[in-house]
Amino acid sequence: MPKFKADPLDVINLIHDANGLAVMAHPKLIKNDDYVQELLQLPFDGIEVYHIIHKKEDEARYRKMAILRKLLITGGSDFHGIETKLPKAIGDYLIQSESVADFLHVLQAH
């Protein structure tokens, strides 16, 4: 599918209008933490702290951003089933259980 550019606030509002939670995915791929900080001024519900490309120092930095802004901490493997890309299988990359518990609690209340 062709990609298109969209205003981040419009996308967040669209997600919220659909009763969803807006989470900033893999912030390290943005390659500019100043821009990540700027984007986090928008009404995000969470940030993906745990991702296969994030090193421990990235996780610590994004976790701190999440805690300071009272955002949900999410994570994932970004598994797409592509043989030439990591991770090779679902479950190869895990996140901390307390982050999952917090996320599930918010989902149940949402």
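**Exercise 1. Find out whether Asp58 is buried or exposed, then trace its salt bridges.**

Step 1. Asp58 has a relative accessibility of 3%, so Asp58 counts as buried. Buried means under 20% relative accessible area, exposed means over 50%, and partly exposed lies in between (1.4 Å probe, protein chains only).

Step 2. Salt bridges that share partners join Lys28, Asp33, Asp58 and Arg61 into one network. A salt bridge here is a side-chain nitrogen of Lys or Arg within 4 Å of a carboxyl oxygen of Asp or Glu.

Step 3. Asp58 pairs with Arg61, and their closest N and O atoms are 2.8 Å apart. Both residues sit in helix H3, 3 residues apart, about one turn of the helix. Helices (H or I, at least four residues) and strands (E, at least two) are DSSP runs, numbered from the N terminus.

Step 4. Arg61 also meets Asp33 in a salt bridge, at 2.4 Å from N to O. This pair links distant parts of the chain: Arg61 is in helix H3, Asp33 is in helix H2 (residues 33-39), and 28 residues separate them.

Step 5. Check the accessibility of these two partners. Arg61 is partly exposed, at 30% relative accessible area. Asp33 is partly exposed too, at 23%.

A note on the model before going on. This is a predicted model, in which local features need pLDDT of at least 70 and side-chain atom pairs count only at pLDDT 80 or more, while totals for chains, interfaces and linings use all residues. Residues are numbered from 1 along each chain as its sequence is written, and side-chain values use heavy atoms, with hydrogens and water left out.

**Exercise 2. Describe the salt bridge between Glu59 and Lys56, and state how many salt bridges there are by this rule.**

Step 1. The side chains of Glu59 and Lys56 meet at 3.7 Å, N to O.

Step 2. The two are 3 residues apart in helix H3, so about one helical turn separates them.

Step 3. Compare their surroundings. Glu59 is buried, at 9% relative accessibility. Lys56 is exposed, at 65%.

Step 4. The count by this rule comes to 4 salt bridges.

**Exercise 3. Work out the strand order of the sheet and what covers strands S2 and S3.**

Step 1. The sheet is open, with 3 strands in the order S1-S2-S3 and parallel pairing. Strand S1 (23-24) and strand S3 (72-76) stand at the edges with a single partner strand each, so one side of each has no neighbour in the sheet. Two strands pair if DSSP finds at least two bridges between them.

Step 2. Go through the pairs. S1 and S2 pair in the parallel sense over 2 bridges. Met24 has Ile47 in S2 as its bridge partner. S2 and S3 pair in the parallel sense over 5 bridges. Tyr50 stands opposite Gly75 in S3.

Step 3. Look at burial. In S2, 6 of the 6 residues are buried, so the strand is largely enclosed by the rest of the structure. In S3, 4 of the 5 residues are buried, so S3 is largely enclosed as well.

Step 4. Add the helix. H3 lies across S2 and S3 and runs at about 160° to S2. Axes are lines fitted to C-alpha atoms, for helices over the stretch in contact, and angles run from 0 to 180 degrees between N-to-C directions.

**Exercise 4. Locate His110 and list its contacts.**

Step 1. His110 is found in the segment after helix H4 (97-109).

Step 2. His110 is partly exposed, with a relative accessible area of 42%.

Step 3. Leaving aside neighbours within four places in sequence, His110 is in contact with Asn19, Gly20 and Leu21. Contact means heavy atoms within 4.5 Å.

Step 4. His110 and Gly20 are 90 residues apart in sequence, yet 8.3 Å apart in space, C-alpha to C-alpha.

**Exercise 5. Place Ile52 in the chain and give its accessibility.**

Step 1. Ile52 lies in the loop between strand S2 (46-51) and helix H3 (56-69).

Step 2. Ile52 has 30% relative accessibility, so Ile52 counts as partly exposed.
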